[in-house]
Amino acid sequence: MSSSSLIAAQDSASIAILIDDLPQSLIINTEEGLDARQVIDTLTARKTDEVTWIQPQEDKKYISTDQVRQALSRTITFSKNRRIIIIEPAASMRVEAQNALLKSLEEPNANLHFILLKERTEPILPTITSRCQTLNLHRTSEQQDAALLDSLKVDARSRQQILFLAAGRPLLIKRLATQPKILERNQSLVVDAKTMLGSDKYKQLVAINNYTSDRTLALKLLDTIATIIYFQLKNNTVNDRLSGMIDKIQYTQKLINGNANTKLALLALIG
């Protein structure tokens, strides 16, 4: 893939293999800002592919059992073409919906394939995970990011800020480069993230209160904290306390994704 591709160069070999040898069940692990949709489009590019998407219905947060069963019912008849059911986000399936899917994973029909798209920290049943091949998407390289920013004609100051906030995540790079208000909001996240990495407990508590009512925003804060730590690690300026924060961040992400109380989860990060 070219340097300006929105898919990481290091993933290109794995994707090329999957194009012609798509497994019966595939989990794609991604993160915000990576172009998982382009990966799926690449894997399902055959003109004869019969592709079905299962996503939460409008104004709903979860994929229902009926949605899964209805999609599966349309695959009972024989087809010589590949039938591909894409579930996004896979973690939005309730347990009952996941169990309805599990039977098809255990006893697959001919020419039927499943692609489950999820973020790395989002949980799904281990019984489903064990029956799927996994593709972990990586961040794009510095060369790819530079080529993307060149194409977007970003000024030097904004370029530096965007690379700090979104390095390796091309969709996020594009959003920050083309939507100044989103860039401004992310700059506020950096301020709060630095506060969380400091030692002033009062300021940390004040910062936490900005995120207790919005799980998505809380996860963005955690991601920004991790970005700062990784940047410092890269430049050998991180101390042992901050290095140990990575495990805490991942644990807090799992708590929030598992519907734990957002405030309590964030408080555990500084405890």
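Q: Why is Glu88 called buried?
A: In this predicted model, Glu88 has a relative accessible area of 16%, and since buried means under 20%, Glu88 is counted as buried.

Q: What makes the contact between Arg37 and Glu88 a salt bridge?
A: The closest N and O atoms of Arg37 and Glu88 are 2.8 Å apart, and the rule asks for a side-chain nitrogen of Lys or Arg within 4 Å of a carboxyl oxygen of Asp or Glu, so the pair qualifies as a salt bridge. Arg37 lies in helix 2 (residues 36–43) and Glu88 in the loop between strand 3 and helix 4, so the salt bridge ties together parts that are 51 residues apart in sequence.

Q: Why is Arg37 called partly exposed?
A: The relative accessible area of Arg37 is 38%, and partly exposed covers what falls between the limits of 20% and 50%, so Arg37 belongs to that class.

Q: What makes the peptide bond between Glu88 and Pro89 a notable one?
A: The bond that joins Glu88 and Pro89 is cis, with omega at about -15°, whereas most peptide bonds are trans. Pro89 is placed in the loop between strand 3 and helix 4.

Q: How do you know that Arg139 and Asp223 form a salt bridge?
A: Their side chains meet at 4.0 Å, N to O, and the cut-off for a salt bridge is within 4 Å, so the pair is counted. Arg139 sits in the loop between strand 5 (133–136) and helix 6 (142–152), while Asp223 belongs to helix 11 (residues 215–234), and the two are 84 residues apart. Asp223 is buried at a relative accessible area of 17%, whereas Arg139, at 30% relative accessibility, counts as partly exposed.

Q: Which residues are joined with Arg139 and Asp223 into one network?
A: Glu31, Arg120 and Arg169 are joined with Arg139 and Asp223 by salt bridges that share partners. The structure holds twelve salt bridges, and another one of them pairs Arg159 with Asp150, whose closest N and O atoms are 3.1 Å apart. Asp150 is partly exposed, with a relative accessible area of 47%.

Q: Why are the buried residues of helix 3 said to line one face?
A: Helix 3 (residues 65–73) has Thr65, Gln67, Val68, Ala71 and Leu72 as its buried residues. Seen down the axis of helix 3, these residues fall within an arc of 165°, so they line one face of the helix. An α-helix has 3.6 residues a turn, so residues three or four places apart point the same way. The elements against which the buried residues of helix 3 pack are strand 2 (50–54), strand 3 (83–87), helix 4 (95–106) and strand 4 (112–119).

Q: How do you know that Arg94 lies over the face of Tyr62?
A: Arg94 is at 3.9 Å from the ring centre of Tyr62, and the rule asks for CZ of Arg within 6 Å of that centre, together with a position within 35 degrees of the ring normal. Arg94 is accordingly listed over the face of Tyr62.

Q: What makes the phi values of Asp59 and Lys153 stand out?
A: Asp59 has a positive phi of about 70°, and phi of Lys153 is near 55°, although neither residue is a glycine. Most residues other than glycine have a negative phi. Asp59 lies in the loop between strand 2 and helix 3, and Lys153 in the loop between helix 6 and helix 7 (156–166).

Q: Why are Asp59 and Lys153 called exposed?
A: Asp59 has 75% relative accessibility and Lys153 has a relative accessible area of 74%, and exposed means over 50%, so both residues count as exposed.

How values were computed:
Residues numbered from 1 in each chain as written. Predicted model: local features only at pLDDT ≥ 70, side-chain atom pairs only at ≥ 80, totals over all residues. Heavy atoms only, no water. Buried < 20%, exposed > 50% of the residue type's maximum accessible area, 1.4 Å probe, protein only. Helix = DSSP H or I, 4+ residues; strand = E, 2+ residues; numbered from the N terminus. Arc of directions from axis to C-beta. Contact = heavy atoms within 4.5 Å.
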